[in-house]
Amino acid sequence: MTGVQTCALPISLSASSTASPRAASANPAWSPDGRELAFAWDRGGIFDLYAVAPDSGRCRRLTRVLGGAFEPDWSPEGSRLAFTAYSHRGFDVAGQGTSG
């Protein structure tokens, strides 16, 4: 593929991690300043949003949505995320701050 770059991010999970061995990730979105990559990850069996800083490998959980969170989209200044959330009502558009 032309123009596609792949890289391995230095994220390590401890032995006590609850990550499923079949955990999947999807929907990557770069922050406006390029310092973090937000993505949906079903680390615990339900998709939530996480952000990773590629230079350090620091990964942080951004959401705790009971039914799942997908498709992150950063605000222009990077202080908020809009995303698709799933609940008993179905899919909705949600938003929250990114500090943490």
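**Exercise 1. Confidence**

Task: Find how confident the predictor is in this model overall, and which elements have the lowest and highest mean pLDDT.

Solution: This is a predicted model, and the mean pLDDT of the protein is 82. A value of 70 or more is reached by 76% of the residues. Turning to the elements, strand β5 (residues 69-74) has the highest mean, 96, while β1 has the lowest, 90. One stretch deserves some care: over residues 10-18 the pLDDT is below 50. Beyond near neighbours in sequence, that stretch has 11 contacts in the model.

**Exercise 2. Elements and sheet**

Task: Work out how many helices and strands the protein has, then describe the order and pairing of the four strands in the open sheet.

Solution: Begin with the count: there are seven strands and zero helices. Along the sequence this reads β-β-β-β-β-β-β. Next, take the open sheet, where four strands follow the order β1-β2-β3-β4 with antiparallel pairing. β1 (25-30) and β4 (59-61) each have a single partner strand, so they stand at the edges and one side of each lacks a neighbour in the sheet. From one strand to the next, the twist averages 25 degrees. Now look at one pairing in detail: β3 (residues 48-52) joins β4 over three bridges, in the antiparallel sense. Across from Arg-61 in β4 you will find Tyr-50.

**Exercise 3. Aromatic pairs**

Task: Count the aromatic pairs, then classify the geometry of Trp-41 with Tyr-50 and of Phe-47 with Phe-70.

Solution: The count comes to six aromatic pairs. For Trp-41 and Tyr-50, the ring centres are 5.0 Å apart and the planes meet at 65 degrees; planes over 60 degrees apart count as edge-to-face, so this pair belongs in that class. Both Trp-41 and Tyr-50 are buried. For Phe-47 and Phe-70, the centres are 5.4 Å apart with 45 degrees between the planes, and the pair is tilted. This second pair links distant parts of the chain, 23 residues apart: Phe-47 lies in the loop between β2 (37-41) and β3, and Phe-70 in strand β5. Finally, follow the ring pairs outward: they link Phe-47, Phe-70, Tyr-86 and Phe-91 into a cluster.

**Exercise 4. Burial and surface**

Task: Decide whether Phe-47 is buried, partly exposed or exposed, and find what share of the protein's residues is buried.

Solution: Phe-47 has 22% relative accessibility, and buried means under 20%, so Phe-47 counts as partly exposed. Across the 100 residues of the protein, 33% count as buried. The protein exposes about 6,700 Å², of which carbon and sulfur atoms supply 52%.

Terms used. Residues numbered from 1 in each chain as written. Predicted model: local features only at pLDDT ≥ 70, side-chain atom pairs only at ≥ 80, totals over all residues. Heavy atoms only, no water. Pairing = 2+ DSSP bridges. Helix = DSSP H or I, 4+ residues; strand = E, 2+ residues; numbered from the N terminus. Axes fitted to C-alpha atoms, helices over the stretch in contact; angles between N-to-C directions. pLDDT = per-residue confidence, 0-100. Contact = heavy atoms within 4.5 Å. Phe/Tyr/Trp six-rings, centres within 6.5 Å; stacked < 30°, edge-to-face > 60°. Buried < 20%, exposed > 50% of the residue type's maximum accessible area, 1.4 Å probe, protein only. Areas by Shrake-Rupley, 256 points an atom, 1.4 Å probe, with all protein chains shown as cover.
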